[in-house]
Amino acid sequence: MNTQEKKIIDFKTIIKKDSSPPFSDGLYTWIMFLMNFYSRVRNTLKIDFDSFMIMQLVVSDYVYKTNKKGVKNINELKTMFKNHTELLKEKKLNIASIADVLNLPRETVRRKIMNLDKKKLLDYSKSGISIGSEYKTVFNEFVLDTVSNISQLVKKWESNGSLKELLELNKKL
């Protein structure tokens, strides 16, 4: 190295960078995932997000009860959602319980359930609320796309170091 080169300061070596990956990269991919998810709820399912949450609460209740009997893989769940009549045998939720869990007014929940019932995404009767006959379409299209999107998100986080940072976050706090 000549004398001229020795006088040049290499700022890359002087500035010590934080060794952890930038938070903003992981945050950006998360925000993009959420925006895509919300858009797909509105555009693919043609329902508002409160209606989606109501439907998900009914589905989560069913999946919770299913898991008590033994966990299922994705193909087993797909088959279960196709067999709509089996779902109707389960103990059902009611408007009051859904409103309480989601912290929504009962009348709002009732109206949204009536709309979901009309679309056959939920089944509403005097005995309660259960998964509707058309939910299998949601599962086959929307849920499987969402699983794929989650996989892409986690792979991006893994490649940029955000996943490791996220998994070790509690250790640093």
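## Terms and overview

A residue is called buried when its relative accessible area is under 20%, exposed when that area is over 50%, and partly exposed in between. Glu168, with a relative accessible area of 25%, is therefore partly exposed. The structure described here is a predicted model.

The chain contains 11 helices and 2 strands. In sequence order, the elements follow the pattern α-α-α-α-α-α-α-α-β-β-α-α-α. The chain has 173 residues, and 31% of them are buried. Its exposed area is about 12,100 Å², with carbon and sulfur atoms supplying 57% of that area. Among contacts with a separation of 6 or more, 63% are between residues 24 or more positions apart.

## The nonpolar core

The largest nonpolar core has 30 residues. Within this core, Met55, Ile98 and Tyr135 touch the most other members. Two or more residues come from each of H3, H4, helix H5 (74–82), helix H7 (95–102), H8, strand E2 (128–131) and helix H9 (135–160). H4 gives the largest share, 7 residues.

Which residues does Met55 contact, leaving aside neighbours within four places in sequence? The contacts of Met55 are Leu45, Ile47, Leu116, Leu121, Leu122, Tyr135 and Val138. Tyr135 is thus both a contact of Met55 and one of the core residues that touch the most other members.

## The strand pair

Strand E1 covers residues 122–125 and pairs with E2 in the antiparallel sense, over 4 bridges. The two strands form a hairpin, with 2 residues between them. Ser125 has Gly128, in E2, as its bridge partner. E2 also gives two or more residues to the largest nonpolar core.

## Salt bridges

Side chains of opposite charge can pair when their charged atoms come close. The structure holds 4 salt bridges. One of them joins the side chains of Lys112 and Asp48, with an N to O distance of 3.1 Å. Lys112 belongs to helix H8 (residues 106–118) and Asp48 to the loop between H3 and helix H4 (49–69), so this pair ties together parts that are 64 residues apart in sequence. Lys112 counts as buried because its relative accessibility is 18%. Asp48 counts as partly exposed, at 34% relative accessibility.

Another salt bridge links Lys65 and Asp61, whose closest N and O atoms are 2.8 Å apart. Both residues are in helix H4, where they are 4 residues apart, about one turn of the helix. Lys164 and Glu168 also form a salt bridge, and here the closest N and O atoms are 3.8 Å apart. Is Lys164 buried or exposed? Its relative accessibility is 56%, so Lys164 counts as exposed. Its partner Glu168, at 25%, is partly exposed.

## A nonpolar surface patch

Phe23, Leu27, Tyr28, Trp30, Ile31, Met32 and Met35 form a nonpolar patch on the surface. Together these residues have about 720 Å² of accessible area. Met32, one of the patch residues, lies in helix H3, which runs over residues 23–44.

Why can Met32 belong to such a patch? Patch residues need over 30% relative accessible area, and Met32 has 35%, so Met32 clears that cut-off while counting as partly exposed. Helix H3, which holds Met32, is also among the elements that give two or more residues to the largest nonpolar core.

Key:
Residues numbered from 1 in each chain as written. Predicted model: local features only at pLDDT ≥ 70, side-chain atom pairs only at ≥ 80, totals over all residues. Heavy atoms only, no water. Patch = residues over 30% accessible without salt bridge, like charges linked within 9 Å, V, L, I, M, F, W, Y side chains within 5 Å. Areas by Shrake-Rupley, 256 points an atom, 1.4 Å probe, with all protein chains shown as cover. Buried < 20%, exposed > 50% of the residue type's maximum accessible area, 1.4 Å probe, protein only. Core = buried A, V, L, I, M, F, W, Y, C linked by side-chain atoms within 4.5 Å. Contact = heavy atoms within 4.5 Å. Pairing = 2+ DSSP bridges.
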